[in-house]
Each structure stands twice: as C-alpha cells, then as structure tokens.
Amino acid sequence: MQYHLNGFKPGDPDVSPAAPGHRQPGDPMPKTVDVLIAGSGPAGLCLAAQLAGVQGISTMLVEPKLAPMEKGQADGINVRSMEMFQAFGFGEKVLRESVWINETTFWAQGQAQHIERVARVQDVPEGTSEMPHVLINQARVHELFLDIMRNAPSRLVPDHGWKVADLSVDTNATEYPVTVILENTTPECEGQTTTVRANYVVGCDGARSNVRRAIGGQLQGDAAHQAWGVIDLLATTDFPDWRMKSFVRSQDDGILMVLPREGGHLVRLYVELDNLGEDERAADRGMNADDIIAKARRIFSPFTLDVKEVVWWSIYEIGHRLTDKFDDVPEAEMASRFPRVMLAGDACHTHSPKAGQGMNVSMGDTFNLGWKLISVLTGRADPSLLHSYSGERRAAAKGLVEFDHKWARVVGARDEEIAAADGLPRVAREFVNNLPFTCGLTIQYQPGILVGDASCQPLATGFDIGKRFHSAPVIRLADAKPMQLGHTIDADARFRLFIFAPAGDDGTTGGAVAALCDWLETDPASPVRRHTAAGEDTDAVIDTRAVFQQEAHALNHAAMPSLLRPTVGRYGLCDYEKVFCPDLKRAQDIFEMRGINRAEGCLVVVRPDQYVGHILPLSARDQLAAYFAGILRQRG
C-alpha cells in the first residue's frame, strides 16, 4: 500500500481527504448526478466503491430499505471474488474473519438405512489461486464496501428510503439524458416522489427491477418448481461434519447442504422442502423456520440436531432466468447510440444458490462496468466503450445460468450411482468436475477491442488471454518483499503492463527491457505518451512494471530504466515498487509457473478488472499501441 504521496498524512491511510463540496448527511437531493445506482446490494456497492474514489464523478446510490442489511442472504465468496477483494484492499480482512472451505464432504444413505460419509474432496484444487473459497455474511461484505465509500474523497453513503419508480431516456440529449423518478419508501413519507437527472443509471435493484422494466427488459427462463429453505442457526449436534461444507442425501427425505459460517459456531443449512405446482410460489405453502428444522432433522437421522437460536431464515423457489440485454440500446441502434442505462446482478440474471455464485457474479458485473464508466466519465475513453459491458457480462451470466440449471438438478437427483473409476457418487464427481467454474475462473472474454487474439499465447501459456490474471509469487526488488504479483493490481481503473524480461536482461542500457521502457516513456507513438494527459503522473493510466529472471542480488534498482523508477506526486518522489524477481529462495519461479518464454520474454497487458487483455512480444510496438488506441482516447 502506498501513501504519503503528496505529503505526510497521519492517521488511517485508508481514509482519504474529503473532496471540497462533497455531499453530507442532511443535504438536499442533488438535481443532477453523473451516475445513479439503484440498489445497495453487492453489485451496487461494488460499483459505488469504485466510483467514490474518483474526484469529479458525482454518484448517488438509492436503496428502498431504511437501513443497511444486518444478516441473511448470500454467504459464499469464491476465489475469483477474493482476488477482486484484494484489489479493493480488504482481502486480508475477509481472510481473517471468514471461514475457509478446505474440503467438501458427501453423505448418503448406507446399508443400515443411516446416512454415512461416502466421499470427501478438496474444495479448491492446488495451484488454482493464492486465495481460498470462504464463507462470510453478505452484510459484512456490504459493510466493507461501505467503509471504502465513507472513506473516499466523496464520502459517499447510500440514500436509504428511496427507490427508482420509473425513468426515461432522452436519446437526443448529451448532458444528463436520463430522467429518474425516485419514490420515497419511509413510512411517514411513503409515495412522495422527486426527480433526478443522470448521465448514467445502473439498475442493481434485484429480480423485480424497476430499472429493467423501464427500459423494456424481461427475465426469461424457467423454474424447477421446488421449494427450498435456508436457515442460519446456532445448534448442538453429533453430526461429525458440522464444520465442513457437506452435501447430505437421505433416501426418503431429500437433501440438505451444511455450510459452516464465520465465527466458529454459526452454521447455515439449505434444505430441500416440497415440490411446487406449475403456477405455485413457495410463499403459498405458508412454511416457516420450524418446517425447515423438522425436515433437516429427518435428513440428518440418526444424528441429532438441537437448535438453540435461529438467526435468519427464508424459503424460496429455484429459478434460472436471464435478460436479453444488459443495457438500454437495441441491437439495431448500437452504431448510433451508446448505453445510458445498464443492469447488473439479479436485475438481469437469477439462479439458485446451490453453486454459490449469485453474489460473486453480481459483483463481477459491476467490477467489469466500474472501470469503463470511470474511463468514460474522466475523458479517457469514448462512451462507445460501454457497449462492451453487455456483450462481456451477458455471456458470463448465460454460462452461469446454464451451469446452475444443470447443477441444481444434479444436487436434487435421487440417482446415487457410484462411478467405477473414481469411486465417487455422481454429485461428488460432478462437483469435482465443476470446481474451476465454482471457483469463478472459467470466464473468458472473447477477442475484440478489449481482448487481443491468441497468436502470441505461447509466450506465456499460464496467462490465458481473456481470463483473469493468474497471480504468482515474486520478490519486490527495492525492499526484498515476498509478495504476489497480482496484488499490485488495485481497483483504480488503471491498465497494467507487465514486462517479463528475456534471459540475461538485467534492465540496463542495451537490453530489450530498457529499449522498450525508453520507447514507452519518450516516443509520442507509445500508448503511455498518447493516453496520459498533461500534468498526470506517468503511470496514471497505464502502470508499467517489470519482472526479471535473476534473483534480487544480481540486479541493481538504481540502474533500472527511469520508467520503472518514475517520479510521482507533487514532490516528484520515486516509486520503488515497479520491479520484481522470481522467488527462487522458495523455489517459486514465476517464469516456470506461468509458462513464460525465457528466451524472448513477453508483454502481458492486464485490464483494470484483472483480466488479461493481450500478450505480445517485447518488440511489438505497433501492436501494443494499436491495442490501447482501440480503447483509450489520445490525450498526450
């Protein structure tokens, strides 16, 4: 973490100086905003946390509930989301507070008509990520995002007690073209309305989204007509795997899932309840927490379950639905219009909680959108960049809905055949096969302006183009700190350009790295020069870093190219955190681990959302410039 950039500042480095004129509690509603976000769930807060840190962008977040969430709803954080949390700066906090899911066990009816453990598997395969799969209350995730917002220059806080009732878009207007009617939901003022005009609106307002309705969107799909109960409780039991993630299947009473929760005592159960009629809703049955507990006890038999406290519960039905587009621009008008209204999270895709992906994919939506909005609103990119949001994220959501549709039926099937090859029951075998998906690591954005072609993929076979940047251990040269290279990527809307040096190159004059850095820093055709505005730090838009093959003692930081020792901030202080080496002491060589061509080295372009945008040879100056020219405006 870097701070004191523009002068010494005592106290908590996570608290930024407040921006002049920021909105304060009790201030009247603004008449105009750059971005209005509807809904303060994970998707809305993930977006708001990004926007809050950029001075000059005005953001409003409205939430119909009267207070922040305290308990319930989602709890699973996959490894991809943990990598994202690291970029926001609270990954370590979640690691400390959460429960880690290391193994998953499977129970089924045995020969004695009692359930018995039939399989146990590792929950996150080795080498998948430096991050684990964890469980933590969704409300705590909300609070961590809210902390970022409160501590940002804008001091952004949600406007509770307001919802989007309707909106309209003036396609001929260039400033604040979206007129939003907000409706008050507080008991004493319920039904009162006010109007705000926005440049952009993002609907994160759930499956019954008013934002989606206003732009003519519909959720399309099917339902499994099965009621499930979810309950958070404190209980005593003799079930052996009470602190393990477990799938428990009884012969006659259905299935349940055990999910241990943070704190060492709390546990969540997902319990299969009744089948529903074609047009029936779960609420029609009038079931409650007692029904969930009674069914759980029957499934656990002969083990006992003595519930001491019910913390939260809900009954729901499984649905798998997806909208046709995540923004307000019809396909036929994409060449002449750019999006003004966008959807994220449950507003555009719904699914069951069986795979634990809902909150994760929702945050992935707005992590993809956030940097694009920032780039457009700060003038770095043309508004046409926003077309890529619907294209990329709808494909990701479609994959989730299709997977969830199949997985929910595997979990609920009565078929428990054992495979001869691996000895696993079907649900355990499918679980293992699906681990890359449930870890959140199968999303691969397709070639386009943001993702280059795969012609140079052999230069770094472990960094899949279009997939998330797979971190690996390194040593930072200036202070010999062991760390993860991926942890240099903050959620700050900047691109990263990682230079992997060829064999023998030590960064000194005459080598390929020095030549490339000199071109990037001084040539008017370089993307660093073309897309960085006058007065900005050299790394304000494209942050260049280098990884060498030698161990640290063989390199001289003072001899590195000036681009890798940039002067930044108002005092022109040196940034010492741009140069890295393999962690050879611990036998963790990033060049070997990620299949990097040792003879030639390579360039790896990483987008602000941590996805690999391109891989190129060190000599590919024109291709590198063309990649960035397709995304960013010329400003230098």
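**Strand β14 and its setting**

Strand β13 (residues 245–250) pairs with β14 in the antiparallel sense, over 5 bridges. The model is predicted. Strand β14 spans residues 254–260, and 7 of its 7 residues are buried. On its other pairing, β14 is joined to strand β15 (residues 267–275) by 5 bridges, again antiparallel. The briefing starts with this strand and then turns to the whole chain.

**Pairing and turns around β14**

- A hairpin of 3 residues links β13 to β14.
- Across the β13–β14 pairing, R249 stands opposite I255 of β14.
- A hairpin also connects β14 to β15, with 6 residues between the two strands.
- Within that turn, G263 has a positive phi of about 100°.
- P260 has V267 of β15 as its bridge partner.

**Burial of β14**

- In a regular strand, side chains alternate between the two faces of the sheet.
- Which residues of β14 lie on each side? One side holds G254, L256, V258 and P260, and the other holds I255, M257 and L259.
- Both faces are covered, as the residues on each side are all buried.
- Two of these buried residues also appear in the pairing: I255 faces R249, and P260 partners V267.

**Domains**

- The protein chain is divided into three parts: domain 1 (32–74 + 138–221 + 321–402), domain 2 (101–130 + 223–318) and domain 3 (457–630).
- Domain 1 is written as three segments, and domain 2 as two.
- Domain 3 is given as a single segment, 457–630.
- The centres of domain 1 and domain 2, taken over C-alpha atoms, are 33 Å apart.

**Overall fold and dimensions**

- The protein chain holds 14 helices and 27 strands.
- Its radius of gyration is 26 Å, close to the 26 Å that the globule rule gives for 636 residues, so the chain is as compact as a globular protein of that length.
- Along the principal axes, the C-alpha atoms fill a box of roughly 75 × 60 × 50 Å.

**Surface, burial and contacts**

- Of the 636 residues in the protein chain, 56% count as buried.
- The accessible surface of the protein chain comes to about 25,800 Å².
- Carbon and sulfur atoms account for 49% of that surface.
- Consider contacts between residues at least 6 apart in sequence: 71% of them join residues at least 24 apart.

Methods: Residues are numbered from 1 along each chain as its sequence is written. This is a predicted model: local features need pLDDT of at least 70, side-chain atom pairs count only at pLDDT 80 or more; totals for chains, interfaces and linings use all residues. Side-chain values use heavy atoms; hydrogens and water are left out. Domain bounds come from an automatic or database domain assignment. Buried means under 20% relative accessible area, exposed over 50%, partly exposed in between (1.4 Å probe, protein chains only). Helices (H or I, at least four residues) and strands (E, at least two) are DSSP runs, numbered from the N terminus. Two strands pair if DSSP finds at least two bridges between them. The radius of gyration is taken over C-alpha atoms; the globule rule is 2.2 Å times the number of residues to the power 0.38. Contact means heavy atoms within 4.5 Å. Accessible areas come from the Shrake-Rupley method with a 1.4 Å probe; for residues, only the protein chains shown count as cover.
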